[in-house]
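What follows is a walk through one protein model, moving from a hairpin to the sheet around it and then to the core and a few single residues. Please keep the structure in view while reading.

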Amino acid sequence: MSENKTKGAGADLAMMALDDIPSPKADAKEIVALVKESGRVTGYQLSDGRTLNKEEGVMLARQGEIKGVGVASRNGNEYLKSLPDGTENNNLSNLPSVKN
């Protein structure tokens, strides 16, 4: 299997794990850091400097205010997840952490 087909299959699986893939507005912000407490993600820092909790992040993403993310859920809790684009350095898990 070629490398492109492998990446495509992984991207397809990642997209299927998302509950919602909002369409971002032209002026949508990016997530630049994760807010963590005791090693757990509790929120997101946006490119305009705002810090949001998970619920606010999900709400804004659904409104098209945050780009590059989809909404996923685990055990009834919704959170944001990077959209697969073939670039590792912009994945949420690779972003720096900040304290709220």
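Two residues separate β1 and β2, which form a hairpin, and Ser38 in its turn has a positive phi of about 55°. The model is a predicted one. Ser38 lies in the loop between β1 (31-37) and β2 (40-46), and its phi is positive although Ser38 is not a glycine. With a relative accessible area of 81%, Ser38 is exposed. The two strands of this hairpin pair in the antiparallel sense over six bridges. One pairing to look for is that of Lys36, whose bridge partner in β2 is Val41.

The chain then makes another hairpin. Here β2 and β3 are the two strands, with four residues between them, and Gly49 in the turn has a positive phi of about 95°. β2 and β3 run antiparallel and are joined by three bridges. Within this pair, Gln45 has Thr51 of β3 as its bridge partner.

How do these strands fit into the sheet, and in what order do they stand? The sheet is open and consists of four strands in the order β3-β2-β1-β6, with mixed pairing. β3 (51-53) and β6 (97-98) stand at the edges; each has a single partner strand, so one side of each is left without a neighbour in the sheet. Strands of a sheet pair through backbone hydrogen bonds, in either a parallel or an antiparallel sense. The parallel case here is that of β1 and β6, which pair over two bridges. Leu34 has its bridge partner, Ser97, in β6. Helix α2 packs on this sheet, where it touches β2 and β3, and its direction makes about 100° with that of β3.

It helps to set the sheet against the whole chain. The protein has two helices and six strands, and from the N terminus on these elements run α-β-β-β-α-β-β-β. Of the contacts with a separation of 6 or more, 43% are between residues 24 or more positions apart. Buried residues make up 27% of the 100 residues. The protein exposes about 6500 Å², of which carbon and sulfur atoms supply 47%.

In soluble globular proteins, nonpolar side chains tend to be buried together. In this model the largest nonpolar core has 17 residues, and those with the most contacts inside it are Ile31, Tyr44, Leu46, Ile66, Val69, Leu80 and Leu92. Two or more residues of this core come from each of β1, β2, α2, β4 and β5.

Leu92 gives one view into the core. Beyond its neighbours within four places in sequence, Leu92 is in contact with Ile31, Leu34, Val69, Leu80, Lys81 and Ser82. Of these, Ile31, Val69 and Leu80 are also among the core residues with the most contacts. Leu34, another contact of Leu92, is the residue whose bridge partner in β6 is Ser97.

Ser82 is a polar residue to follow from there. Is Ser82 buried or exposed? Ser82 is found in strand β5 and counts as buried because its relative accessibility is 15%, below the cut-off of 20%. Its side chain reaches the backbone nitrogen of Leu92 at 2.6 Å. Leaving out residues up to four places away in sequence, Ser82 touches Gly68, Val69, Asn90, Asn91 and Leu92. Val69 thus appears in the contacts of both Ser82 and Leu92.

The loop between β4 (69-74) and β5 (77-82) holds Asn75. Phi of Asn75 is near 55°, a positive value in a residue other than glycine. At 74% relative accessibility, Asn75 counts as exposed. Ser38, in the loop between β1 and β2, also combines a positive phi with an exposed position.

The last residue on this route is Met59, which belongs to helix α2 (residues 54-62). Met59 is partly exposed, with a relative accessible area of 46%. Met59 and Tyr79 are 20 residues apart in sequence, and their C-alpha atoms are 9.8 Å apart in space.

Terms used:
Residues numbered from 1 in each chain as written. Predicted model: local features only at pLDDT ≥ 70, side-chain atom pairs only at ≥ 80, totals over all residues. Heavy atoms only, no water. Buried < 20%, exposed > 50% of the residue type's maximum accessible area, 1.4 Å probe, protein only. Pairing = 2+ DSSP bridges. Contact = heavy atoms within 4.5 Å. Axes fitted to C-alpha atoms, helices over the stretch in contact; angles between N-to-C directions. Areas by Shrake-Rupley, 256 points an atom, 1.4 Å probe, with all protein chains shown as cover. Core = buried A, V, L, I, M, F, W, Y, C linked by side-chain atoms within 4.5 Å. Polar contact = N/O pair within 3.5 Å; in protein donor to acceptor, adjacent residues only side chain to side chain.
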